[in-house]
Amino acid sequence: AKYDGDLGRVYGVQWRKWRTPVEHKAATYKDDFGSTYHREGYVHFKEVDQLKQLIEGIRTDPHGRRHILSAWNTGELEAMALPPCHCFAQFYVTHRSGAERDSLSCQMYQRSCDMFLGVPFNIASYSLLTAMLAHVCDLDVGEFVHTLGDAHIYLNHIEQVNEQLENEPLLAPQLWLNPDVKDIDDFTMADIRLDGYTSHAAITAPMAVWY
């Protein structure tokens with residue numbers, strides 16, 4: 001963290017509180033935070049909830065091509081502890097022949113890809129996010145497509161990677177989401193479960209951070 005216990009304005013902040021300037025021509029107005037101003041032409045910032053807009057867009061125009069979630073805010077990169085690695089995701093709805101419901105898929109572009117520590121977590125987290133979005137939009141889950149930019153294995157991870165390659169794959173678990181949850185903000189950890197999860201022994205490695 002660049003700040004004590006704080007990663008700055010990265011990832012979730014951009015997803016839920018993207019800052020957008022707004023110029024007011026009225027002599028008197030209130031901003032999104034309840035403050036009243038009396039200066040014509042004054043500019044203040046409002047916050048854009050990309051995730052809420054994304055869900056609304058999927059529900060109202062499921063086959064649209066603008067279902068985007070972006071973490072790459074050029075104007076605020078210096079306010080982040082690290083520029084976003086997974087920085088752009090597009091969601092799209094498709095119909096499979098014979099299926100009762102359409103399916104939601106996600107393609108995510110990742111500019112910098114730590115193949116041992118970071119990428120496996122990114123695959124799991126974006127797959128979960130896609131499943132949660134499909135759940136609240138009453139869609140089936142389609143695919144997670146992962147586009148890698150700079151894919152790398154750090155030198156101090158080589159031994160761990162070779163150890164992992166010796167492991168035999170295990171049966172995949174099943175994701176369960178509470179069917180009673182209808183709003184993305186109502187999810188708690190108790191509403192998300194992996195059934196049948198098994199794993200090999202943990203393999204640890206030091207985190208390497210590069211801009």
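Select Asp114 and His152 to begin. His152, in strand S8, is the bridge partner of Asp114. Keep in mind that this is a predicted model.

Now widen the selection to both strands. Strand S7 covers residues 103-114, and strand S8 covers residues 140-152. The two strands run parallel, joined by 10 bridges.

Next, trace the connection. Leaving S7, the chain passes through helix H3, residues 118-136, before it reaches S8. This β-α-β crossover is right-handed.

Move on to the cysteines. How many disulfides are there? The count is zero. Select Cys85 and Cys113. The sulfur of Cys113 is the nearest cysteine sulfur to Cys85, 7.8 Å away. A disulfide needs the two sulfur atoms within 2.5 Å, and Cys85 is in no disulfide. Is Cys85 buried or exposed? Cys85 has a relative accessible area of 15%, so it counts as buried, the cut-off being under 20%.

Add Cys87 to the selection. Its nearest cysteine sulfur belongs to Cys85, at 8.3 Å. Cys87 is in no disulfide either. Cys87 is buried too, because its relative accessibility is 8%.

Last stop: Gln160. Show helix H4, residues 158-165, and pick out Gln160 within it. This glutamine has 13% relative accessibility and therefore counts as buried. Which residues is Gln160 in contact with, leaving aside neighbours within four places in sequence? Select Phe116, then Ile203, Thr204, Ala205 and Pro206. Those residues are the contacts of Gln160 once its sequence neighbours within four places are left aside.

Definitions and conventions. Residues are numbered from 1 along each chain as its sequence is written. This is a predicted model: local features need pLDDT of at least 70, side-chain atom pairs count only at pLDDT 80 or more; totals for chains, interfaces and linings use all residues. Side-chain values use heavy atoms; hydrogens and water are left out. Helices (H or I, at least four residues) and strands (E, at least two) are DSSP runs, numbered from the N terminus. Buried means under 20% relative accessible area, exposed over 50%, partly exposed in between (1.4 Å probe, protein chains only). Contact means heavy atoms within 4.5 Å. Two strands pair if DSSP finds at least two bridges between them. A crossover is right-handed if, with the strands pointing away from the viewer, the path from the first strand over the helix to the second runs clockwise.
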